[in-house]
Amino acid sequence: MAKLAINGGNPVRTKPFPSYVSTGPEEAATVARVLASGSLSSYLAAAGQFFEGGPWVRRLEKEWARAFKIKHAVAMNSATSCLYSAMGAGGVGPGDEVIVSPYTMVASATCAVVFNAVPVFADIDPDTFCISPATIAPLINKRTKAIVAVDILGHPADMAGIMELAIQHNLMVVEDAAQAYGASQNGKTCGTLGHMGVFSLNYHKTIQCGEGGIVVTDDDDIAMRLKLIRNHGEVVAGDLELNEIEDIVGFNFRMPEIEAAITLEQLKKLPNLVEKRIAAANYLSKELGGLPGLTIPKVEPGCVHGYYLYAMKHDAVGTGVSRDKVVEALNAEGIFFNSGYTKPIYLNPMFQQKVAYGSVNCPFLCPHYKGSANYSKGACLVCERMYYEELFCTNVCNAATSKADLDDVVTAVNKVYENLDELR
Ligand SMILES: *Cc1c(COP(=O)(O)O)cnc(C)c1O
């Protein structure tokens, strides 16, 4: 008789998991205060104090910099905007290559294209799923200008190793820490390990304000360039008598006051939310470690994992059952797992067809660009293996999940792996 729900057995769980909500009465109260003030934004695209926004934005930036022990925090309307700005602040332009991960939210790679530079994809490490010094080094050449290293799923990239490489070759490093709240390498907080670090405040992340992002740096000149790009810098640079800064196209990437006020409250809650997430993930790892055919998340020495998602690997060859079949069976048990996380970025049409603007193939086949980036299937074999065959992940490791919820996950995973015969 079938035991697995996919074959007609009883599912482990029928009720949905509690949704993760990081906001509450504190955010409601602070939003009411901002509304009562009547001032929902105070930016002016001109020299003067309002070039840097209103009181809530400025207070957030001060508190964020203090919390992350860094000199400058620049708040924007998304992490995508932060990544775009980081490329401009780093002086990335036509003819340049930027080494990026293929296994991430797409903006970590697209940011280079926005500045007419060419993303070059480094393969990922099979344990951390991040790009690494070993995969980056062979791609460095005279066109390489920057590296965007992503702490994917919440595990730190080897930022110490990447910075060493970057210093040798005079490269700018942007750490995309959008998923890495609570993570660290060698005792140093993720987001502060490169020349610039980017955090996201969108509603999928550990803390949120709806939509928002913050970019941090210890460098005064970079901070000024970020602020110019955020707020119509091409008109402000002259106003500020920064005549040497001519390579700035400004946007409107400004964070409104309400979002800044919400983020200030979220920042206070962050340590607790992170702690619960790590505890939930550690519980899963303790219970699920040792199942044949299943690999639990690895944490590299010196690293703390922030567990944006809890990702495991399935051994299809050893078990004789495909990852997709296992995920289907788990989903039938009432536990949702995502199969593969995200498609390698270079397999999307923009890269396959090498068209980003209009129809003239810039920046990929631009006269200023002398290289040729590889976007073929097979370009990053480890990444493709994770996406197509091995990795599956869940967001149940969050602060809303109870021990009973986690026990359902454990029960379902055990049940499926103990009854793989039913799937063969
Ligand atoms: C969420 C995310 C982003 C983009 O964040 P937005 O605030 O939605 O623009 C960038 N990089 C990574 C790794 C992310 O997870």
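## Ligand shell

Fifteen residues surround the ligand; among the 15 residues, Thr80, Asp176, Ser200, Asn202 and Lys205 come nearest. A shell residue has a heavy atom within 4 Å of the ligand. This is a predicted model: local features need pLDDT of at least 70, side-chain atom pairs count only at pLDDT 80 or more, and totals for chains, interfaces and linings use all residues. Residues are numbered from 1 along each chain as its sequence is written, and side-chain values use heavy atoms, with hydrogens and water left out.

The shell holds five nonpolar, eight polar and two charged residues. Helix H3 (residues 79–89) gives the largest share, three residues. Helices (H or I, at least four residues) and strands (E, at least two) are DSSP runs, numbered from the N terminus.

## Polar pairs and burial of the ligand

Three side chains place an N or O atom by a ligand oxygen atom. For Thr80 the distance is 2.6 Å. For Asn202 it is 2.8 Å. For Lys205 it is 3.0 Å. The protein buries 93% of the 380 Å² that the ligand exposes when taken alone (Shrake-Rupley method, 1.4 Å probe).

## Helix H14

Helix H14 covers residues 403–418. Its 16 residues should span 22 Å at 1.5 Å a residue, and its end C-alpha atoms are 22 Å apart, which agrees. The expected span is 1.5 Å times one less than the number of residues.

Buried residues of H14 (under 20% relative accessible area, 1.4 Å probe, protein chains only) include Asp405, Leu406, Asp408, Lys415 and Tyr417. Their cover includes helices H9 (257–288) and H11 (323–332). Strands E10 (294–295), E12 (310–314) and E14 (391–394) also belong to that cover. Contact here means heavy atoms within 4.5 Å.

Technical notes
Polar contact = N/O pair within 3.5 Å; in protein donor to acceptor, adjacent residues only side chain to side chain. Nonpolar A, V, L, I, M, F, W, Y, C, P; charged D, E, K, R; others polar. Buried < 20%, exposed > 50% of the residue type's maximum accessible area, 1.4 Å probe, protein only.
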